[in-house]
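Hi everyone, thanks for coming. I'd like to walk you through a structure that is probably new to most of you, so let's put it up on the screen.

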Amino acid sequence: MKLIQILKMAVIPVLSGFTFVSTSNTALADYLNSQGSGGDYRYELWSSDDNSSYYLKIWSYEASPTSSPYTTTGEFASSREALIYFDCNYAERSLPECPK
């Protein structure tokens, strides 16, 4: 009987610790930084919780705000890079940064 009680007292804190560690890793979240539109599209600019990467969710301008995005881009190193990508590829703006 004592052995079972000792095991319970040892196992429960260890399992709780593992649960806490795994939960803290999966609780990372992305954050909405800005929204905008251009051409026939609108976007949401999202960043990782540590601002190390950014991505865009892009919708058709007429699409419902609750609909799934038309596309989600890959990662960018900065918000500037992401917005230049949107301006050049979706908003059809003629910027010096846009490839010709």
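I'll start with the overall layout and then go through the hairpin, the disulfide and the aromatic rings.

One thing up front: what you see is a predicted model. The protein chain has two helices and four strands, and if you walk along from the N terminus, the order is α-β-β-β-β-α. Of its 100 residues, 24% count as buried. The chain exposes about 7,300 Å², with carbon and sulfur atoms supplying 57% of that. And if you take contacts between residues at least 6 apart in sequence, 23% of them join residues at least 24 apart.

Okay, on to the hairpin. Strand S1, residues 30-38, runs antiparallel to strand S2, residues 41-48, and eight bridges join the two. One pairing you can look for is Ser37 with its bridge partner in S2, Arg42. There are two residues between the strands, and Gly39 in that turn has a positive phi of about 60°.

Next, the cysteines. How many disulfides does a search of the whole structure find? Just one disulfide turns up. Cys88 and Cys98 form it, with their sulfur atoms 2.0 Å apart. Cys88 is in helix H2, residues 79-89, while Cys98 is in the segment after H2, so the pair ties together parts that are ten residues apart in sequence. The torsion about the S-S bond is about -90°, so this disulfide is left-handed. Both Cys88 and Cys98 are buried.

Now for the rings. The count comes to six aromatic pairs. One of them is Tyr43 with Phe86, a tilted pair at 4.7 Å centre to centre and 55° between the planes. Tyr43 sits in strand S2 and Phe86 in helix H2, so this pair ties together parts 43 residues apart in sequence. Both Tyr43 and Phe86 are buried.

Phe76 and Tyr85 make another tilted pair, at 5.3 Å centre to centre with 50° between the planes. Are these two buried or partly exposed? Phe76 counts as buried because its relative accessibility is 14%, under the 20% cut-off. Tyr85, at 30%, counts as partly exposed.

Zoom out a little and you'll see that Tyr41, Tyr43, Tyr70, Phe76, Tyr85, Phe86 and Tyr90 form one aromatic cluster.

One last ring before I stop: Trp46 has Lys57 lying over its face, at 4.6 Å from the ring centre.

Conventions. Residues numbered from 1 in each chain as written. Predicted model: local features only at pLDDT ≥ 70, side-chain atom pairs only at ≥ 80, totals over all residues. Heavy atoms only, no water. Pairing = 2+ DSSP bridges. Disulfide = S-S within 2.5 Å. Buried < 20%, exposed > 50% of the residue type's maximum accessible area, 1.4 Å probe, protein only. Contact = heavy atoms within 4.5 Å. Areas by Shrake-Rupley, 256 points an atom, 1.4 Å probe, with all protein chains shown as cover. Phe/Tyr/Trp six-rings, centres within 6.5 Å; stacked < 30°, edge-to-face > 60°. Lys NZ or Arg CZ within 6 Å of the ring centre and 35° of its normal.
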